[in-house]
Amino acid sequence: MSNSKHILENIEPTNVFYFFEEISRIPHGSGNTKEISDYLVDFAKNRNLEFYQDDFDNVIIYKSENISNENSSNLNNNLNIEPIILQGHIDMVCEKSLKSSKNMELESIDLEIDGDFITAKETTLGADNGIAVAMILAILDDNNLNHPPIEAVFTSDEEIGLIGASNLDMSKLKGKVIN
């Protein structure tokens with residue numbers, strides 16, 4: 001893993017960019033997703049959330065609804081609230097400049113701030129779905145957020161042919177709405 005300082009700590013929303021930086025420290029190119037899959041499992045375990053992990057490195061994290069009393073009347077006091085599905089993929093395209101000696105299977109991304117942009121030094125950033133994964137983790141981490149039940153689906157190896165999604169056991173999901 002790279003240095004322990006968080007260079008994105010002052011970028012809003014801070015909780016989202018905290019998780020983006022955390023996952024950027026984990027090599028997670030297509031075909032190399034076991035470590036980030038295990039990170040997601042540890043995330044769930046540390047928050048006492050139910051989870052499912054398969055042999056393809058897909059992970060589903062389940063979080064029960066959190067509805068305050070003032071918002072329950074908006075839901076017609078329906079005790080059978082349908083879960084929503086939040087989905088992102090955990091692999092990234094790993095490319096680097098010709099002058100880079102980075103081993104992207106073993107080394108983390110070196111994040112940089114360039115004006116208003118977050119970039120990676122001499123490599124791809126992995127932000128296309130890295131930010132989706134970070135946003136979902138921030139939602140799961142927030143115990144003050146009002147929400148229906150959540151099924152957070154993290155699929156693997158999407159950049160090389162939707163392998164994770166194609167092999168996901170859909171019987172593990174109850175939700176019908178995908179956001």
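The largest nonpolar core of this predicted model contains 34 residues, of which Leu40, Ile61, Leu137, Leu140 and Phe154 touch the most other members. Two or more residues are given to this core by each of α1 (14–24), α2 (34–46), β2 (59–63), β3 (84–89), α4 (127–141) and β6 (150–155). Helices and strands are thus both represented among the contributing elements. A second core, separate from the one just described, is made up of six residues, including Ile60, Ile85, Val153 and Leu168.

The surroundings of Ile61 illustrate how the largest core is assembled. When neighbours within four places in sequence are left aside, Ile61 is in contact with Leu40, Phe43, Ala44, Leu49, Glu50 and Phe51, among others. Further contacts of Ile61 are formed with Leu140, Ile150, Glu151, Ala152 and Phe154. Among these partners, Leu40, Leu140 and Phe154 are also listed with Ile61 as the core members that touch the most others.

The packing of α1 against α2 was examined next. The axes of these two helices come within 11 Å and cross at roughly 135 degrees. Because of this crossing angle, α1 is classed as oblique to α2. On the α1 side, the contact involves Phe19, Glu22 and Ile23, which meet Ile36, Tyr39 and Phe43 of α2. Five of the residues in this contact are nonpolar and one is charged, while no polar residue takes part.

A further site of interest is Thr124, which is placed in the loop between β5 (117–120) and α4. Thr124 has a relative accessible area of 25%; since the range for partly exposed residues begins at 20%, Thr124 is described as partly exposed rather than buried. Although Thr124 and Cys94 are 30 residues apart along the chain, their C-alpha atoms are separated by 6.0 Å. Apart from neighbours within four places in sequence, Thr124 is in contact with Met92, Val93, Cys94, Glu95, Met104 and Ile109. Within this group, Val93 is also the partner in a polar contact: the side chain of Thr124 reaches the backbone oxygen of Val93 at 2.6 Å.

At the level of the whole protein, five helices and seven strands are present. Along the sequence, these elements follow the pattern α-α-β-β-α-β-β-β-α-β-α-β. Of the 179 residues in the protein, 42% are buried. Among contacts with a separation of 6 or more, 65% join residues that are 24 or more positions apart.

Methods: Residues numbered from 1 in each chain as written. Predicted model: local features only at pLDDT ≥ 70, side-chain atom pairs only at ≥ 80, totals over all residues. Heavy atoms only, no water. Core = buried A, V, L, I, M, F, W, Y, C linked by side-chain atoms within 4.5 Å. Buried < 20%, exposed > 50% of the residue type's maximum accessible area, 1.4 Å probe, protein only. Helix = DSSP H or I, 4+ residues; strand = E, 2+ residues; numbered from the N terminus. Contact = heavy atoms within 4.5 Å. Axes fitted to C-alpha atoms, helices over the stretch in contact; angles between N-to-C directions. Parallel < 35°, antiparallel > 145°, perpendicular 65-115°, else oblique. Nonpolar A, V, L, I, M, F, W, Y, C, P; charged D, E, K, R; others polar. Polar contact = N/O pair within 3.5 Å; in protein donor to acceptor, adjacent residues only side chain to side chain.
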